[in-house]
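Student: Before we discuss this model, could you place it in front of us, so that each label can be set against its definition?

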Amino acid sequence: MTEAQSEPTPDAAEATAPPHDANESEMKQENGDCKGSASEEKAPREFEPPEGGWGWVVMLASMWCNGSVFGIQNAFGILFVSLLKEFGSESDEDLRFKTAWVGSLSMGMIFFFSPIVSVFTDLFGCRITAVGGAAVAFVGLLGSSFVKSLGPLYFTYGIVFACGCSFAYQPSLVILGHYFKRRLGLVNGIVTAGSSVFTITLPYMLTGLLKSVGLAYTLRVLSIFMFLLMLAGLTYKPLLPKPVSSSKSGSRCPSLKRVFNMHIWRSLGYRIWAFGIPAALYGYFVPYVHLMKHVEERFGQNANKEVLLTCIGITSGVGRLIFGRVADYVPGVNKVFLQVSSFLVIGLMSMMIPLCHVFGGLIAVCLLMGLFDGCFICIMAPIAFELVGSQNVSQAIGFLLGMMSVPMTVGPPIAGFLRDRLGSYDVAFYLAGIPPIIGGAMLCLIPWVEARRKRKEAQIAADTTEKMLESKSSTQDTADDEMKTKDPESVI
């Protein structure tokens, strides 16, 4: 007879056991309490990131991701001139329009795919998503080097390469929350500063490569960056415990609630944040697109306009480091006030551009704009962690980036339309400063909303505790009364 057959089950034992005396019942009650305490000890405690260790390697890998992805995107202006020479005449205005869409489509698609990337990140993890994305970007960039006409570039560079970059980029932000919490602001500042470093250095490298080996081999060299990005993605070792599925069907397919995490939209603070930032971005990128042309029109063709991009890139990197560290000392959702200040300054600086009739004034404006650009970017992930928690941050960032793709695509063309109709960029820059100020004002509501939510939760918890204590007290009184009724001698 097997052990399972020789020993009765606990349920059967309880059903057939004779009545126990009071001491045995007390012992059984004590044993039950011990089992309850043991189960409480096994309950998963709140996850605490290690604040370092392998996380520093992950930070460097994420820094390479941000630098290679957005460094190549920001340096498209260098490739733009080479594409004009490769596929047509620089004086062909129609060709300029068609060629410009290659870079615009690529930048927009990176953010457009973000909600889909967040779902893949939740289902397959940061490592698989990032490595797969880098592989797709490698194929897209390498395929672009063999293209002999402009049309296929819309697919290879504008869609395939951008899609891969999107799948590689977002996990690089999510994985940081697995290793850091107290230092998350500083780490995000260092990681996002990678794009500033690449933005400053990559244009000079591309200029040299294009002169020495041509466009095709330059794109092949850039594809090596994507291959290294695949290796960097292998370092994304997840630490957060996976949420336990409540499905009882045993199906391998994830539930719809897990695929599309609608829980994040229940947070009023997140909804304000997710709509406020895109509202601010309708004018946010206008100076980055049209500033060079404005300088040519106001100061002439020989103006050293490249120095303005250098100023923005340098101070943006400095701002990400400084404000990333400052964010670590700002408690909770109050970090939003740093983004509010960044939008306010960027909006005012956009309005100041038409008022600068001295080139030195434009340099000062660009220095401030770059500094607070770094502030806005480096604290996006820490704010998302504060609003929705570490388990929901992937889709929270994904939905936000997806919504950001619309103003990033629409804003600059509207400014160009105003320039064509009015003959000057002045009105375009004045109007570009309004959306960041309005969006920043919307974000001011978030700390108040979150404070009110926490007060309600604290009140509900206090009421629940009070009801439990009252229920326990009444239960104890009822038990005492029954004891006195059953054993009247106990009164004597």
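Tutor: What follows is a short exchange on burial, contacts and cysteines. The model is predicted, with local features needing pLDDT of at least 70 and side-chain atom pairs counting only at pLDDT 80 or more, while totals for chains, interfaces and linings use all residues. Residues are numbered from 1 along each chain as its sequence is written, and side-chain values use heavy atoms, without hydrogens and water.

Student: Why is Lys 335 called buried?

Tutor: Buried means under 20% relative accessible area, exposed over 50% and partly exposed in between, with a 1.4 Å probe and protein chains only; Lys 335 has 8% relative accessibility, so it counts as buried.

Student: What makes the pairing of Lys 335 and Glu 386 a polar contact?

Tutor: Their side chains are joined at 3.4 Å, and the term requires a pair of N or O atoms within 3.5 Å, where within protein one must be able to donate a hydrogen and the other to accept it, and residues adjacent in sequence count only if both atoms are side-chain atoms. Lys 335 also touches Ile 379, Pro 382 and Ile 383, among others, contact meaning heavy atoms within 4.5 Å.

Student: How do you know that Cys 366 is in no disulfide?

Tutor: A disulfide is a pair of cysteine sulfur atoms within 2.5 Å, and the count by this rule is zero. For Cys 366, the nearest cysteine sulfur, that of Cys 311, is 6.6 Å away.

Student: Why are Cys 366 and Cys 444 labelled as they are?

Tutor: Cys 366 has a relative accessible area of 2% and is therefore buried, whereas Cys 444, at 34%, counts as partly exposed.

Definitions and conventions. Lists of a residue's contacts leave out its neighbours within four places in sequence.
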